[in-house]
Amino acid sequence: MKKLNSLILEQKEDAKHGESFFPIQKYITSLTPEYPVLTTHWHEEAEFTLITEGQGTYYIELMEYGVEPEDLVFVMPLALHAASAPEGHGLLSETYVFHMNFLGGNSTDICSTRYLHPLARHEMALPGVIKPEHPAYLSLRKIFGQISNLYDGGIPGYELALKALLLQAIFLLLQFQESAPSSGAPNAIHSEKLKTVLDYMELHYMDDIAVADLAGLCYFSEYHFMRFFKKHMNMTCIEYLNNLRLEKAVELLEDGGASILEVSLSVGFSNLSYFHRAFKKKYHMTPGEFLRSCHF
């Protein structure tokens, strides 16, 4: 959902981060007591994040990392990731999402073939959370500040500077490169299973989806699948599906041209009353109120 939260993203994003010729986008993510979770998702781009307020947990490739103000987070392309704030608290962060092509990842020089291509294919592993005691932290924190100051433009050549700064950040992180998990490692297997399930839900959210169908994609029993999903997603598959449908509904309402009933049916809610209740619970307003706010 783009207008109600700046980086409350779908699982495998179709959204473009920036423009094709300038594929970098800034996001301010605010997790609140009312909406304390950034749901698990992944995309082709990398992310460079600064935690600015609050404390919480980042989940990167199913590993948990506690985060607090001034921590830096680097998420590799194609990595499953999520974030959450403790009950009753919030978490605020500033993030730059960028495609490796912006750094020259679509070229054939030694930099792209030795470093950027493997990073884009998730064949290399870099540190995920960089805390102030990390040897590279001070340099990376300075780079992040420079990116933040330059991002809004206004200085001739700022695009060149952003590219140079991101390349410098990757250079620093490469000095602490970690072993990439093997495809047979439990977390890697679980990550791929989750991606398969989330892809299926993204494609079929408007249809009736049975738990048995999702379990079958993982070759799990329904009981095992439901425990597996909740463990790694921090919500049940039904809660996740309803959340996905509501985010799709918001997009349709923002676009206009469809009635609330049409939106409800098109995203998979066959009961209009239930759609109203679920929408109000999540967004603290009715679909009608949201629709009016979009076209005020």
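1. The model contains an open sheet of 5 strands in the order β1-β8-β3-β6-β9, and the pairing is antiparallel; here helices (H or I, at least four residues) and strands (E, at least two) are DSSP runs, numbered from the N terminus. The edge strands of this sheet are β1 (24–31) and β9 (129–130), each of which pairs on one side only, where two strands count as paired if DSSP finds at least two bridges between them.

2. A word on the basis of these remarks: this is a predicted model, in which local features need pLDDT of at least 70 and side-chain atom pairs count only at pLDDT 80 or more, while totals for chains, interfaces and linings use all residues. Residues are numbered from 1 along each chain as its sequence is written, and side-chain values use heavy atoms, with hydrogens and water left out.

3. At one edge of the 5-stranded sheet, β1 is joined to strand β8 (residues 91–98) by 8 bridges, and the two run antiparallel; within this pair, Ile-24 stands opposite Phe-98 in β8. Helix α2 (residues 137–150) packs on the sheet, touching β3 (46–54), β6 (72–75), β8 and β9, with contact meaning heavy atoms within 4.5 Å. The direction of α2 makes about 95° with that of β3, the axes being lines fitted to C-alpha atoms (for helices over the stretch in contact) and the angles running from 0 to 180 degrees between N-to-C directions.

4. The length of α2 is consistent with a regular rise: at 1.5 Å a residue its 14 residues should span 20 Å, and the end C-alpha atoms are 20 Å apart, which agrees; the expected span is 1.5 Å times one less than the number of residues. Tyr-137, Leu-140, Ile-143, Phe-144, Gly-145, Ile-147 and Leu-150 of α2 are buried, where buried means under 20% relative accessible area, exposed over 50% and partly exposed in between (1.4 Å probe, protein chains only). These buried residues pack against β3, β6, β8 and β9, and also against α3 (158–174).

5. A second open sheet is formed by 4 strands in the order β2-β7-β4-β5, again with antiparallel pairing. Because β2 (37–41) and β5 (63–67) stand at the edges with a single partner strand each, one side of each is left without a neighbour in the sheet. Neighbouring strands of this sheet are turned by 20° against each other on average, direction ignored.

6. Strand β7 (residues 81–84) is joined to β2 by 3 bridges in the antiparallel sense, and the bridge partners include His-81 for His-41 and Ser-84 for Val-37. Strand β4 (residues 56–60) also pairs with β7 in the antiparallel sense, over 4 bridges, and here the bridge partner of Tyr-59 is Ala-82. In a regular strand the side chains alternate between the two faces of the sheet. In β7 both faces are covered, since His-81 and Ala-83 on one side and Ala-82 and Ser-84 on the other are all buried.

7. For helix α9 (residues 272–283), the 12 residues should span 16 Å at 1.5 Å a residue, and the end C-alpha atoms are 16 Å apart, which agrees. Phe-275, Ala-278, Phe-279, Lys-282 and Tyr-283 are buried in this helix. They cover an arc of only 105° around the axis, which puts them on the same side of α9; the arc is that of the directions from the helix axis to the C-beta atoms. On the other side of α9, Arg-277 and Lys-281 are exposed, while the cover over the buried residues includes α7 (237–255), α8 (260–266) and α10 (287–294).

8. At the start of α9, a side-chain oxygen of Asn-271 reaches to within 3.0 Å of the backbone nitrogen of Ser-273. The helix is followed by His-284, whose phi is positive, near 60°.

9. Tyr-274, which has its place in helix α9, is partly exposed, with a relative accessible area of 35%. Leaving aside neighbours within four places in sequence, Tyr-274 is in contact with Asn-242 and Phe-269. Its C-alpha atom is separated by 20 Å from that of Met-201, 73 residues apart along the chain.

10. Lys-193 is found in helix α4 (residues 186–204), and, with neighbours within four places in sequence left aside, Lys-193 is in contact with Cys-218, Tyr-219, Phe-220 and Phe-228. Lys-193 and Phe-229 are 36 residues apart in sequence and 9.8 Å apart in space, C-alpha to C-alpha.

How values were computed. A polar contact is a pair of N or O atoms within 3.5 Å; within protein, one must be able to donate a hydrogen and the other to accept it, and residues adjacent in sequence count only if both atoms are side-chain atoms.
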